[in-house]
Amino acid sequence: MLLLSSIIVKAVSAVYKIPLTAYIGATGRGYFNIAYNFYMPIHAIIMGGLPVALSHLVSKYNEIGDNAKIHSLKKSSSLLFFIIGIAGTAFMIAFAKPYAQFVSSSPKSIYTILVLAPNVLFSSMAACRRSLAEGYMNMVPTAVSQVLEAAFKLVFGLLFAKYSMSWLYGMYLENGAIFSTVCESEEAALAVVYPLTSAAAMGGVTVGSLLSWIYVWIYTGVKYNSYTPLKKYKTGESLSELLSFSAPIIVSTVIQSLSTFFDNASVQYCLSLCGREELMNAYGECLKMSSTTAEDAVTYIYGLFSSAQDFKMLLPGFSIALGVAAVPAVSAAFESQSGERLTALANSIFKYTSIIGFGGGLYLSLVAENMLNILYRSSNYDIVIGCSDLVYYYGFTMIFYCLASVSVFSVQAIGCAKKSIPSFIVSAAVRVGLNFLLVADYRYNLYGAVISGAAGYLVILAANLYIFGKYSRTKYKISDLLFKPLFCSVGAFAVARLMQKNVFGENGYVLDFVILSGIYLLFFTIVCILSKLITFSEIKFLQSSKKMA
């Protein structure tokens, strides 16, 4: 159920971002993602450790029938999650201006940050209720609330973005000013409109979070409020137990989230270190086409980076789903001390992740420009020009992101999560260091982030493969893990390119997309089967492993 809801949420999010970008442009996406980058470490503290701890403790005491302890945990966790939510919201409001001005170099992103701030409170309170139900092995409120949140974000976010853009731009056309700000040109008007429409779109996210919390609050309030405890526990005892259990998980999660935060923040900051004139020259056509002022150039370029990230995160999203599904099977094989079965299972999981990383990554590179044309040519052609090469190069690095994610899940499945922490710290240092070296150089700018991301995730991948191999005593089959997926992917990429150029020729971006996709997928599938990279017996083995778990 959780996997299904995750797929739906990812699909809705992908659908949401395309028309959203059409309304608010790359500059608006820049403001949008700046706010999210500030929000995510705070969100990680709420969602990373405490919910896991609460669901574990509720499950533990439900197993022994101690309803009084569960009642005490419910009261103490409600108070704790509320306090953390209020504190997180206050923190975002208090530091919105310094972050927008000094870290992101985008003062006008403050509006989007302030609108997102209440989301911390709503997410925290919803997480508390979801975890309570998860402790009873009831995944319905978690799955349904996630889908509701994504759906309401889609509906309200797009409505708020569309109508705020129409209203504000109409104000400029009618009065030559927006509120009290006189706009002497369309560029000046858009410079005022984009931060406000981005904030309005973010309002949809906050509304979605609020409605999601209301649903899960009503559901759990009705379903898990029927018993009267025969004895009472002190709230402080339950609170102490909850914090004690969640502390190491929170530390690990926060380090991961902070590494991503520093990575994205350093990209923003390093763009501002590039000479503005050189950046204007590098992205001159895009800036002119989008009517972006020199003042908003850095935010606009970061918005291009954010738009490219939408495509970059597609394949790792699938590999994360595979990693989540693999955890119980790997855990069961490890606990049963069946070394042969664990080795076969792990190699199969890593192999299919490599197929996603290599095969999907080169496919992304192959059709990058065609996909961008299909999505943005009619509404934001500047994004097609600014992102095509970026998405193309990201495709070649997908293997690092996909395998790193699954290797981390595998390490967690055998109980060695703490051992992954140093790799996250080193990875963050590598990424930030390379960002300052490459992104801050106008000759590389955003393309430096492609290199730094690949290098950072290579560190996580190498470290966690080593940890998993050492403690699970798994011997990796390098041919299936690396050479065969690479050969099949490169072969399919080359054949599709050659046939499209020499046989079919140029036919327009839509037909080219269909032709390239058909040739690539057909050839890739045939080669995978002929090389015995994919076998039906192995798929049956994976299915039986999941059932056993």
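This is a guided tour of a predicted model, stop by stop, with a selection to make at each one.

**Before selecting anything**

Residues are numbered from 1 along each chain as its sequence is written, and side-chain values use heavy atoms, with hydrogens and water left out. Because the model is predicted, local features need pLDDT of at least 70 and side-chain atom pairs count only at pLDDT 80 or more, whereas totals for chains, interfaces and linings use all residues.

**Stop 1: colour by confidence**

Begin by colouring the chain by pLDDT, the predictor's confidence in each residue, from 0 to 100. The mean for the chain is 85, and 91% of its residues reach 70 or more. Then select residues 545–549, where the pLDDT is below 50, although this stretch has nine contacts in the model beyond near neighbours in sequence; a contact here means heavy atoms within 4.5 Å. Where pLDDT is low, the predicted coordinates should not be read in detail.

**Stop 2: salt bridges**

A search of the whole structure finds seven salt bridges, each defined as a side-chain nitrogen of Lys or Arg within 4 Å of a carboxyl oxygen of Asp or Glu. Select Lys108 and Asp296, whose closest N and O atoms are 3.1 Å apart in one such bridge. This pair links distant parts of the chain, 188 residues apart, with Lys108 in the loop between α3 (67–103) and α4 (110–116) and Asp296 in the loop between α10 (284–289) and α11 (297–312). Helices in this tour (H or I, at least four residues) are DSSP runs numbered from the N terminus, as are strands (E, at least two). Asp296 is buried, with a relative accessible area of 5%; buried means under 20%, exposed over 50%, and partly exposed in between (1.4 Å probe, protein chains only).

Next, select Glu149 and Arg130, whose side chains meet in a salt bridge at 3.4 Å, N to O. Glu149 lies in helix α6 and Arg130 in helix α5 (residues 118–135), so the pair ties together parts that are 19 residues apart in sequence. The two ends of this bridge can be compared by accessibility: Glu149 is partly exposed at 22%, while Arg130 is buried at 8%.

Move on to helix α18 (residues 478–504), where Lys484 and Asp480 lie four residues apart, about one turn of the helix. Their closest N and O atoms are 3.7 Å apart, and adding Lys477 to the selection shows a network of salt bridges that links Lys477, Asp480 and Lys484. Within that network, Lys484 is partly exposed at 27%, and Asp480 counts as buried at 10%.

**Stop 3: Ser164 in helix α6**

Helix α6 (residues 140–175) also holds Ser164, which is buried with a relative accessible area of 11%. Show its side chain, which reaches the backbone oxygen of Ala161 at 3.1 Å. If residues up to four places away in sequence are not counted, Ser164 touches Thr197 and Ala200.

**Stop 4: Tyr269 in helix α8**

Select Tyr269, which is placed in helix α8 (residues 235–273) and is partly exposed at 34%. Leaving aside neighbours within four places in sequence, Tyr269 is in contact with Phe102, Val103, Ser105 and Phe436. Of these partners, Val103 is 166 residues away in sequence, yet the C-alpha to C-alpha distance to Tyr269 is 6.1 Å.

**Stop 5: two positive phi angles**

Most residues other than glycine have a negative phi, and most peptide bonds are trans. Asn445, which is not a glycine, has a positive phi of about 35 degrees; select it in the loop between α16 (421–439) and α17 (446–472), where Asn445 is buried at 4%. Arg473 likewise has a positive phi, of about 60 degrees, without being a glycine. The place of Arg473 is the loop between α17 and α18, and this residue is exposed, with a relative accessible area of 72%.

**Stop 6: a nonpolar surface patch**

Finally, select Ile374, Tyr509, Val510, Leu511 and Val514, which make a nonpolar surface patch of about 410 Å². Patches are made of residues with over 30% relative accessible area and no salt bridge, joining like charges within 9 Å and nonpolar side chains (Val, Leu, Ile, Met, Phe, Trp, Tyr) within 5 Å; the areas come from the Shrake-Rupley method with a 1.4 Å probe, and for residues only the protein chains shown count as cover. Helix α19 (residues 509–530) supplies the largest share of the patch, four residues. Val510 is found in that helix and counts as partly exposed at 46% relative accessibility.

Key: Polar contact = N/O pair within 3.5 Å; in protein donor to acceptor, adjacent residues only side chain to side chain.
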